[in-house]
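Here are my notes on the structure, for you to read with the model open beside them. I have kept each point short and grouped by region.

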Amino acid sequence: MPEDVFIAINGDALHAKSKIYIGRALARKGAGDLDEYQLWASLALELLGKAALARKHPSLVVDPTHWQSMFVAAGINVTTDVKTITAKTLFERLAHFVPRFDKTIQKFCLGIAERRNAELHSADLPFMTMRLDAWEARYWHACDTILGQMGSSLEQWLGAADAAAPRQLLDEAAKALEAAVKLRVLAAKEQFEALKNAERERLAAEANLREPEHQSGLFKGSYDETWTERCPACNCRAFMTGEQTGEDISEERDEHAIWEIVDREFAGEEFRCPTCDLSLVGSDEIAASGLDTLHEDRQEREMEYEPDYGND
């Protein structure tokens, strides 16, 4: 990684600027200006996200179609007109870089960025129509998720005193989500247990015949992998899907062949049970149900190689 990267895409500089902007946001909230609170908060969120990527490598935040910016990311300062990625690209990249930054958080962040663009570049007043309770808790959750990947926290980003209210809001939102998910699981369980024994056994037998590769129609989104899980409500075979977050490759060989052992890791995004219709969307709901959001598997792939010629 270049040591003397241009300040516009320097991770520490982006992080520092995000702290300034979130300070302005909280000041506007304190003054009762909730529209401007959301405006500054949206700017702070985008800067924080870019800081997280830039700390990994500055090339992750520059426009890949602008070669001058790519040079700057490599430490070759050929221009001061550095072009960075759009908010949509930023949040897509964070979804691959931050394991808990799932599609639910990604969709929320893109929504607040789109409202900010409409606020700044049109006569529309999108922030005025947004109630505080419709976005604030999810906003702090998104920030906390990014900060966790950076080895930081709301307390460090905001200062302990300023973080007290957001942290309390997050705790309350987490408790509310957990309670809602437990009630959802309980309702599905009671509905399943109300069936006659013969019907439950028939449904369980049918569930055992279902295979992950045939379940793509269950889910709203498109993901890297689908795997089986035991449903927390009816205890039948159910399915989870998610994005790949890691891969570790090792090599094995004997006198006949060479092959790779690939250990893959996935983060769960959606859970569906075809038997009792239990549905969980996002890593927070999945975790609140007691299911593990992470999944690992192992694949073996035989390596293809060309024989050496002229070495007889």
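1. S69 lies in helix α3. This is a predicted model, and in it S69 has a relative accessible area of 0%, so it counts as buried. Beyond its neighbours within four places in sequence, S69 is in contact with V62, D63, D81, V82 and K83.

2. M70 is found in helix α3 too, a helix that covers residues 67–73. How buried or exposed is M70? With a relative accessible area of 33%, M70 is partly exposed. On the surface, M70 joins W67, F71, I76 and V78 in a nonpolar patch. Together these residues offer about 470 Å² of accessible area.

3. Stepping back to the whole chain, you will find 10 helices and five strands. The C-alpha trace spans about 75 × 65 × 35 Å along its principal axes. Of the 312 residues in the chain, 39% are buried. The chain exposes about 17,200 Å², and carbon and sulfur atoms supply 49% of that area. If you like contact statistics, take the contacts between residues at least 6 apart in sequence: 61% of them join residues at least 24 apart.

4. Helix α2 runs over residues 34–56, which makes 23 residues. From its first C-alpha to its last it reaches 33 Å, close to the 33 Å expected at 1.5 Å a residue. Why can α2 be called largely enclosed by the rest of the structure? Because 17 of its 23 residues are buried.

5. Inside helix α2, have a look at E46 and K50, whose side chains meet in a salt bridge of 3.5 Å, N to O. The two residues are four apart, about one turn of the helix. Both E46 and K50 are buried.

6. Helix α9 offers a pair with that spacing as well: R202 and E206 are four residues apart, about one turn of the helix. They form a salt bridge in which the closest N and O atoms are 2.5 Å apart. R202 has a relative accessible area of 39% and is therefore partly exposed. E206, at 32% relative accessibility, also counts as partly exposed.

7. How many salt bridges does a search of the whole structure find? The count is 22. Side chains of opposite charge can pair when their charged atoms come close. One such pair is K29 and E136, whose side chains meet in a salt bridge at 2.6 Å, N to O. This pair links distant parts of the chain, with K29 in helix α1 (residues 11–30) and E136 in helix α6 (residues 136–149), 107 residues apart. K29 counts as partly exposed at 31% relative accessibility, whereas E136 is buried at 6%. Elsewhere, R28, D33 and E36 are linked in a network of salt bridges.

8. Y223 sits in the loop between α9 (197–208) and β1 (225–230). Its relative accessible area is 17%, so Y223 is buried. Apart from neighbours within four places in sequence, the residues in contact with Y223 are K103, T241, G242, E243, E269 and E270. With E270 there is also a polar contact of 2.7 Å between the side chains. For a distance to check in your viewer, Y223 and V281 are 58 residues apart in sequence and 13 Å apart in space, C-alpha to C-alpha.

9. Two backbone angles are worth a look. N235 is not a glycine, yet it has a positive phi of about 65 degrees; its place is the loop between β1 and β2 (237–253). D277, which is not a glycine either, has a positive phi of about 70 degrees. You will find D277 in the loop between β3 (258–272) and β4 (279–281). At 63% relative accessibility, D277 counts as exposed.

10. Finally, H121 is found in helix α5, which covers residues 103–121. Its relative accessible area of 65% makes H121 exposed. H121 and S222 are 101 residues apart in sequence, and their C-alpha atoms are 32 Å apart in space.

Notes: Residues are numbered from 1 along each chain as its sequence is written. This is a predicted model: local features need pLDDT of at least 70, side-chain atom pairs count only at pLDDT 80 or more; totals for chains, interfaces and linings use all residues. Side-chain values use heavy atoms; hydrogens and water are left out. The expected span of a helix is 1.5 Å times one less than its number of residues. Buried means under 20% relative accessible area, exposed over 50%, partly exposed in between (1.4 Å probe, protein chains only). Contact means heavy atoms within 4.5 Å. A polar contact is a pair of N or O atoms within 3.5 Å; within protein, one must be able to donate a hydrogen and the other to accept it, and residues adjacent in sequence count only if both atoms are side-chain atoms. Patches are made of residues with over 30% relative accessible area and no salt bridge: like charges are joined within 9 Å, nonpolar side chains (Val, Leu, Ile, Met, Phe, Trp, Tyr) within 5 Å. Accessible areas come from the Shrake-Rupley method with a 1.4 Å probe; for residues, only the protein chains shown count as cover. A salt bridge is a side-chain nitrogen of Lys or Arg within 4 Å of a carboxyl oxygen of Asp or Glu.
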